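Trainee: Hi! Could we go through this one together, starting with whatever words I need?

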Amino acid sequence: MRFFAAVHSEVTKLLSTRLWWVLALIMVGYVALCAGGLAAIFGGVGTTGRGPVIPEAQLPLLIFSFATSVGYVFPVLLGALAVTSEFRFQSLTPTFLAQPRRTVVLGGKLLTLFLAGAAYGVIALIASIGVGAAVLSAFGIDPLLGEPDTWAFIGRSVLAMALWAAIGVGLGALVPSQIAAIVIVLAFTQFVEPLLRVGASITDWSAQVGQFLPGSASDALVGASIYTSISPSSVALDWWQGGLVLAAIAVIATVIGFFTSWRRDVS
């Protein structure tokens with residue numbers, strides 16, 4: 001009962017702020033723009049025969065994968081900010097007074113943001129599939145919405161976004177400074193990891209290591225990505241292995257954050 005009360009409290013706190021819907025709106029616009037724009041470009045290339053042609057059977061999932069390949073930064077930010085804002089505004093003090101068991105509070109927040117990340121996944125997929133499928137259909141390309149593989153892809157994408165939000169919670173517990181957490185998320189996702197993934201593809205041994213990077217694991221879990229289509233590699237995790245890597249990162253970051261920042265006096 002204590003745990004469910006903690007989850008209810010975390011849901012109330014999350015929905016009482018503008019953070020979740022502001023990030024969601026930005027994510028929808030970003031994902032829709034990328035999916036629609038690339039669907040028009042790739043659809044046009046495929047219909048005119050100019051430049052490299054992506055097989056039509058692969059194109060729909062590639063376009064739909066923008067929900068995770070570019071949208072994953074938003075659940076990470078949501079998870080991180082949901083934790084760091086507690087430290088910044090010292091709202092953890094009354095929370096810990098009401099529920100002294102800090103493991104229960106952190107577990108409730110982790111589950112709440114996991115579910116919020118899944119919701120972000122659904123919203124992002126609505127944007128990418130809605131716009132992407134419409135543009136592909138305009139070019140006469142079947143979006144394959146009735147295929148079992150498409151629905152399996154959708155389920156794995158929702159799981160990936162949920163795990164990214166859980167990673168954000170772990171990061172927020174590990175780095176309680178809100179500014180530092182934002183800088184780390186943006187710097188790593190937009191600059192550091194893309195460079196690491198490019199560098200890892202140079203040699204066989206580095207490619208073996210690079211497949212365990214968070215973004216690579218996420219792409220493996222989802223099963224499609226604009227990054228992997230641009231720089232395909234023979235080394236890749238299975239989808240379930242990618243999910244385990246993301247889950248492990250979330251658990252490790254959360255556990256370390258609990259034993260460092262979360263147990264400190266916040267008042």
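Mentor: Sure! A residue is buried with under 20% relative accessible area, exposed with over 50%, and partly exposed in between (1.4 Å probe, protein chains only). The model is predicted, so local features need pLDDT of at least 70 and side-chain atom pairs pLDDT 80 or more, while totals for chains, interfaces and linings use all residues. Residues are numbered from 1 along each chain as its sequence is written, and side-chain values use heavy atoms, leaving out hydrogens and water.

Trainee: Okay, let me try the words out. Why does Ala-5 count as partly exposed?

Mentor: Because its relative accessibility is 46%. Areas like this come from the Shrake-Rupley method with a 1.4 Å probe, and for residues only the protein chains shown count as cover.

Trainee: And where is the place of Ala-5?

Mentor: Ala-5 sits in helix 1. Helices here are DSSP runs (H or I, at least four residues; strands are E, at least two), numbered from the N terminus.

Trainee: How many Å apart in space are Ala-5 and Gly-44?

Mentor: Their C-alpha atoms are 53 Å apart, with the two positions 39 residues apart in sequence numbering. Put that beside another pair, Ala-152 and Val-222: these are 70 residues apart in sequence, and their C-alpha atoms are 8.9 Å apart in space.

Trainee: Which helix has Ala-152, then?

Mentor: Helix 8. Ala-152 is partly exposed because its relative accessibility is 33%.

Trainee: Switching topic. How many salt bridges does a search of the whole structure find?

Mentor: Five turn up. To count, a side-chain nitrogen of Lys or Arg has to be within 4 Å of a carboxyl oxygen of Asp or Glu. In one of them, Lys-13 pairs with Glu-86 through their side chains, at 2.7 Å from N to O. That pair ties together distant parts of the chain, since Lys-13 is in helix 1 and Glu-86 is in helix 5 (residues 73-88), 73 residues apart.

Trainee: Are those two partners buried or partly exposed?

Mentor: One of each! Lys-13 is partly exposed because its relative accessible area is 23%, whereas Glu-86 is buried because its value is 3%.

Trainee: What else forms a salt bridge with Glu-86?

Mentor: Lys-109 does, with the closest N and O atoms 2.8 Å apart. Here too distant parts of the chain are linked: Lys-109 belongs to helix 7 and Glu-86 to helix 5, 23 residues apart. Lys-109 and Glu-86 are both buried.

Trainee: Which residue meets Arg-197 in a salt bridge?

Mentor: Asp-219 is the partner, at 2.7 Å from N to O. The two come from distant parts of the chain, Asp-219 from helix 11 (residues 214-222) and Arg-197 from helix 9 (residues 178-200), 22 residues apart. Asp-219 and Arg-197 are both buried. There is also a network: salt bridges with shared partners join Glu-10, Lys-13, Glu-86 and Lys-109.

Trainee: Nice. Now the surface: which residues make the nonpolar patch?

Mentor: Val-11, Leu-15, Trp-20, Trp-21, Val-22, Leu-25 and Ile-26 make it, covering about 620 Å². Patch residues have over 30% relative accessible area and no salt bridge; nonpolar side chains (Val, Leu, Ile, Met, Phe, Trp, Tyr) are joined within 5 Å, like charges within 9 Å.

Trainee: Which helix gives the most to it?

Mentor: Helix 2, with five residues. Both helix 1 (2-15) and helix 2 (19-48) supply at least two each. Ile-26, for instance, is in helix 2, and Ile-26 is partly exposed because its relative accessibility is 46%.

Trainee: Last topic, buried spots. Where does Ser-65 lie?

Mentor: In the loop that runs between helix 3 (59-64) and helix 4 (66-69). Ser-65 is buried because its relative accessibility is 0%.

Trainee: What does Ser-65 touch?

Mentor: Leaving aside residues up to four places away in sequence, Ser-65 touches Phe-153, Ala-224, Ser-225 and Ile-226. Contact means heavy atoms within 4.5 Å.

Trainee: And Thr-150, buried or exposed?

Mentor: Thr-150 is buried, because its relative accessible area is 3%. Thr-150 is part of helix 8, and with that same sequence cut-off of four places, its contacts are Leu-61, Phe-64, Leu-144 and Leu-145.
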